[in-house]
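Here's a quick tour of a structure with a partner. Take a look at the picture first, then read on for the main points.

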2 protein chains.
Amino acid sequence: MTPDRPGLSTPRLIGLDWGTTAMRCWLLGDNGRILDARRLAGGLLDMATGIDAADPAARARAYEATFLDVCGPWLRAVPGLPALACGMVGSAQGWREAGYLDVPARLDITGPDLTRVPLAGGTVHLVPGLRVPSDPCHDIAGDVLRGEETQVIGALESLDRPDAEHVLVLPGTHTKWIRIADRKVLSFTTAMTGELYALVTQHGLLSHTGMTPRRDDAAFARGLTAGFSARDIGLAATLFGARALVLDGLLEPAALADYLSGVVIADEARHLLPRHAGTQRITLCGNGDLCRRYAAALRMRGVGTEVVGEDAAAAGLWSVAVAAGLVGVDGNTCWPDSGKRTPARRDSWSA
Amino acid sequence: MTPDRPGLSTPRLIGLDWGTTAMRCWLLGDNGRILDARRLAGGLLDMATGIDAADPAARARAYEATFLDVCGPWLRAVPGLPALACGMVGSAQGWREAGYLDVPARLDITGPDLTRVPLAGGTVHLVPGLRVPSDPCHDIAGDVLRGEETQVIGALESLDRPDAEHVLVLPGTHTKWIRIADRKVLSFTTAMTGELYALVTQHGLLSHTGMTPRRDDAAFARGLTAGFSARDIGLAATLFGARALVLDGLLEPAALADYLSGVVIADEARHLLPRHAGTQRITLCGNGDLCRRYAAALRMRGVGTEVVGEDAAAAGLWSVAVAAGLVGVDGNTCWPDSGKRTPARRDSWSA
């Protein structure tokens with residue numbers, strides 16, 4: 001048992017993982033120890049409400065106000081505390097465009113890679129995302145991620161052999177399959193599996209059962225089996241099959257959501273696992289319930305898993321802050337000079 | 001040129017295709033000639049608004065009111081005109097449960113197969129749907145359709161060899177692939193491709209482009225190519241790829257919807273076409289624009305198509321009405337005795 005010495009609880013950094021649907025923030029002390037944490041439902045989708053997308057200044061004011069609202073108490077207690085944020089907050093629709101690092105990309109993100117947003121009381125630093133550029137010659141789509149690069153940096157620290165080759169899967173609205181070797185991201189693929197699940201169960205015709213969903217692990221397992229079926233009729237047809245099962249009295253309407261969850265996760269794994277042939281073990285990082293679901297799916301395909309919790313983002317933010325000199329290695333806060341930054345790529349997603 | 005003789009314009013039947021998202025109805029004269037037509041946006045989803053799902057009487061009153069509102073003028077002009085309706089109106093959440101015929105099913109639907117809904121001014125007859133029963137031993141989902149059986153009956157009439165073997169594809173919210181031989185439905189599969197497209201483009205994160213969609217046939221063709229790609233990363237990942245293409249400036253945000261349309265249709269065809277191996281020609285039946293899209297997808301796979309228009313439902317309703325004796329073969333309306341009807345299957349979908 002380590003006694004709680006006063007020095008250990010000195011705040012050194014505010015870390016934020018500010019995504020499309022949620023914002024999580026941590027007050028971090030020496031060695032990245034979590035002193036306090038807050039979670040704000042909503043995220044970027046809520047920020048956009050009532051803001052003119054074509055007015056970056058209005059958007060910046062809205063982000064600053066939300067940031068100060070959530071983190072203000074920590075800043076008032078420790079004036080000048082540095083802040084580091086990852087996630088969609090650094091996208092073109094976010095606070096400020098923080099650019100991308102092209103894959104393959106080393107994960108030693110440092111000061112020059114960060115985008116600085118000066119505020120009255122200090123500076124918020126934004127972590128760049130990662131990008132697989134599209135191939136215009138063969139019209140093959142690339143891929144993008146924001147926030148997961150920081151989770152991966154944090155997750156690697158908790159692995160036995162961080163320099164070895166790893167496949168990490170970060171389940172969520174947009175699940176990422178990330179291949180890493182020697183602390184370098186070699187490639188990654190995004191599947192919008194969580195989004196499809198949410199759309200179908202919240203807005204789709206299958207949602208009109210009049211029943212409140214009830215957790216049903218057996219229905220989830222049946223959905224996995226259907227999604228992995230050798231009789232591969234595709235996702236759009238396998239999803240509709242749930243309707244026939246309910247009509248035939250073979251699936252409770254209240255268990256429909258878990259069945260559909262199994263179908264979409266299995267369909268994702270059936271397509272993306274073969275791209276990592278030979279992989280015996282996958283590291284899952286994210287929400288506990290979602291990781292359990294992916295672990296069950298991968299187990300059906302003979303692949304073992306280990307799970308790193310969602311706070312990997314906090315560990316990753318601390319690592320980046322140390323590498324960028326926002327906090328000293330000894331844990332002392334310091335303010336680095338503004339280094340030369342790679343120009344942010346234009347994000348043409350928003351108008 | 002056939003002169004428009006007065007006798008030819010005598011109304012014989014009201015035909016309705018009353019589905020989940022729209023109601024189409026026709027006033028039919030001798031030989032099923034279309035005398036008038038109406039279309040009501042909405043359909044079953046709108047009917048359910050404000051109605052207690054657990055109160056069948058309230059639901060029936062709402063259906064009757066809508067029916068009389070749309071078809072009342074026709075009924076007042078020709079009192080006692082029989083009405084025949086197909087589609088989700090015959091589901092458990094509809095006007096009245098009209099049961100299913102199990103596949104393989106002959107398409108000679110007759111009087112005893114219909115469900116009668118008596119009204120003050122006459123009777124509305126409901127066409128049963130078709131069902132592939134689920135396999136409870138192997139937990140394989142079956143399938144259901146309502147309305148398409150009537151479209152198929154009508155479509156067969158316009159084909160050169162209606163008794164031959166055919167594959168019909170009826171594109172829509174829930175696209176049906178139907179295998180027919182000797183006027184018998186041998187099997188069918190539903191893909192909720194249109195629903196996924198609508199969910200992703202109307203409610204999904206990809207819909208947040210701030211751009212009004214603009215028709216772009218080239219983007220649609222690129223989506224088809226991506227959906228058919230040998231690099232099969234699955235639907236959830238291929239859909240997300242559109243985001244990277246937009247970010248990389250390789251796809252106009254306004255063309256995103258057509259690109260996604262190509263992706264989902266190709267993903268459906270890549271899975272369901274192999275289940276009809278050897279098929280050189282497919283009959284498409286439905287909305288003209290959707291049929292063109294499916295024809296383009298199938299052409300990429302070396303399969304020819306012919307298109308039957310949406311009014312196949314009107315032709316099918318007329319055929320069923322003749323077979324059921326609702327109208328005489330000579331075109332005279334007659335009211336058959338209530339025949340012995342196969343008991344309607346319980347539809348456990350709604351609570």
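Chain A folds into nine helices and 15 strands. Keep in mind that this is a predicted model. The notes below go from the single chain to the way the two copies meet, and end with one residue to look up.

**Chain A on its own**

- With 351 residues, a compact globule would have a radius of gyration near 20 Å, and chain A agrees with that, coming in at 21 Å.
- If you line the C-alpha trace of chain A up along its principal axes, the trace spans about 65 × 55 × 45 Å.
- Buried residues make up 51% of the 351 residues in chain A.
- Now for the contacts in chain A with a separation of 6 or more: 67% of them link residues that sit 24 or more positions apart.

**How the two copies are related**

- Two copies of a chain are related by a rotation about an axis and a shift along it.
- Here, turning chain A by 180 degrees, with 0.0 Å of shift along the axis, puts it on chain B with an RMSD of 0.0 Å.
- That's the relation of a two-fold axis.
- Want to find the axis from chain A? Look for Leu199(A), whose C-alpha is the nearest one in chain A, 3.1 Å from the axis.

**Where the chains touch**

- How many residues of each chain are involved? In chain A 56 residues are in contact with 56 residues of chain B.
- Several elements of chain A each supply at least two residues to the side that touches chain B: strand 10 (143-145), strand 13 (184-191), helix 4 (193-202), helix 5 (217-227), helix 6 (235-247) and helix 7 (256-272).
- Helix 6 of chain A gives the largest share of that side, with twelve residues.
- Sorted by class, the side of chain A that touches chain B has 29 nonpolar, 17 polar and ten charged residues.
- The copies meet through the same surface, because 100% of the interface residues of chain A are also interface residues in chain B.

**One residue to look up: Arg299(B)**

- You'll find Arg299(B) in helix 8 of chain B, which covers residues 288-300.
- Is Arg299(B) buried or exposed? Arg299(B) is exposed, because it has 12 other C-beta atoms within 10 Å, and a residue with 12 or fewer counts as exposed.
- Arg299(B) and Ala92(B) are 207 residues apart along the chain, and their C-alpha atoms are separated by 38 Å.

Definitions and conventions: Residues numbered from 1 in each chain as written. Chains lettered and ligands numbered in written order. Predicted model: local features only at pLDDT ≥ 70, side-chain atom pairs only at ≥ 80, totals over all residues. Least-squares fit on C-alpha atoms with pLDDT ≥ 70 in both. Contact = placed C-beta atoms within 7 Å. Helix = DSSP H or I, 4+ residues; strand = E, 2+ residues; numbered from the N terminus. Nonpolar A, V, L, I, M, F, W, Y, C, P; charged D, E, K, R; others polar. Rg over C-alpha atoms; globule rule 2.2 N^0.38 Å. Buried ≥ 20, exposed ≤ 12 C-beta atoms within 10 Å, placed from the backbone.
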